[in-house]
Amino acid sequence: MKKYAQTKNLLEIFDLSVDYFQKRMDNDFIKGIHYFIPPTTSKTKKAVLWDIEALENWIRGTSNRDKELQELLNRK
């Protein structure tokens, strides 16, 4: 399986619309964790690459960030 995918290919991987992912950018999905924009010299067109494993973890509710937060909240 690929490690990264462009936005247009997420439909094939997750069976969710491109809008589903785009609407959650910078809210649920965090730049640098779930997706990133590779460096480019183009001022108008920028590719967005999504981390497939990070998205799978988010969808399943098993992201490492959530686990760490839960551990902190459970401390006494």
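Me: How many helices and strands are there in the protein?
Reply: This is a predicted model, in which local features need pLDDT of at least 70 and side-chain atom pairs count only at pLDDT 80 or more, whereas totals for chains, interfaces and linings use all residues. Residues are numbered from 1 along each chain as its sequence is written, and side-chain values use heavy atoms, with hydrogens and water left out. Helices (H or I, at least four residues) and strands (E, at least two) are DSSP runs numbered from the N terminus, and from that end the elements follow one another as β-α-α-β-β-α-α. The protein thus holds four helices and three strands.

Me: What is the order of the three strands in the open sheet?
Reply: Two strands count as paired if DSSP finds at least two bridges between them, and β2 and β3 (residues 49-51) pair in the antiparallel sense over two bridges. The edge strands, each pairing on one side only, are β1 (4-6) and β2 (35-36). With antiparallel pairing, the order in this open sheet is β1-β3-β2.

Me: At about what angle does helix α3 run to β3?
Reply: Axes are lines fitted to C-alpha atoms, for helices over the stretch in contact (heavy atoms within 4.5 Å), and angles run from 0 to 180 degrees between N-to-C directions. Helix α3 covers residues 52-60 and lies across β1 and β3. Its angle to β3 is about 55°.

Me: Which elements give two or more residues to the largest nonpolar core?
Reply: A nonpolar core is a set of buried (under 20% relative accessible area, with a 1.4 Å probe and protein chains only) Ala, Val, Leu, Ile, Met, Phe, Trp, Tyr and Cys residues joined through side-chain atoms within 4.5 Å. In soluble globular proteins, nonpolar side chains tend to be buried together. Here the largest such core has 10 residues, including Ala 5, Phe 21, Tyr 35, Val 48 and Trp 50. The elements that give two or more residues to this core are α1 (10-14) and α3.

Me: Is His 34 buried or exposed?
Reply: His 34 is found in the loop between α2 (18-24) and β2. Not counting residues up to four places away in sequence, His 34 touches Asp 28, Phe 29, Leu 49, Trp 50, Asp 51, Ala 54, Leu 55 and Trp 58, and Leu 55 for its part touches, among others, Leu 10, Phe 14 and Phe 21. Because its relative accessibility is 5%, His 34 counts as buried.

Me: What distance separates the C-alpha atoms of Tyr 35 and Leu 49?
Reply: Tyr 35 is found in strand β2, where Tyr 35 stands opposite Trp 50 in β3, and this tyrosine is buried, with a relative accessible area of 2%. Leaving aside residues up to four places away in sequence, Tyr 35 touches Met 25, Asp 26, Phe 29, Ile 30, Val 48, Leu 49 and Trp 50. Although Tyr 35 and Leu 49 are 14 residues apart along the chain, their C-alpha atoms are separated by 5.5 Å.

Me: Where is Asp 26, which has a positive phi of about 70° although it is not a glycine?
Reply: Most residues other than glycine have a negative phi, and most peptide bonds are trans. Asp 26 counts as exposed (over 50% relative accessible area) because its relative accessibility is 57%. Not counting residues up to four places away in sequence, Asp 26 touches Lys 31 and Tyr 35. Its place is in the loop between α2 and β2.

Me: What is the phi of Asp 15?
Reply: Asp 15 is found in the loop between α1 and α2. At 66% relative accessibility, Asp 15 counts as exposed. Although it is not a glycine, its phi is positive, at about 60°.

Me: Which side chains meet in a salt bridge?
Reply: Side chains of opposite charge can pair when their charged atoms come close. With a salt bridge taken as a side-chain nitrogen of Lys or Arg within 4 Å of a carboxyl oxygen of Asp or Glu, a search of the whole structure finds one. Both partners are partly exposed (between the 20% and 50% limits), since the relative values are 24% for Arg 24 and 35% for Asp 28. At 3.7 Å, N to O, the side chains that meet are those of Arg 24 and Asp 28.
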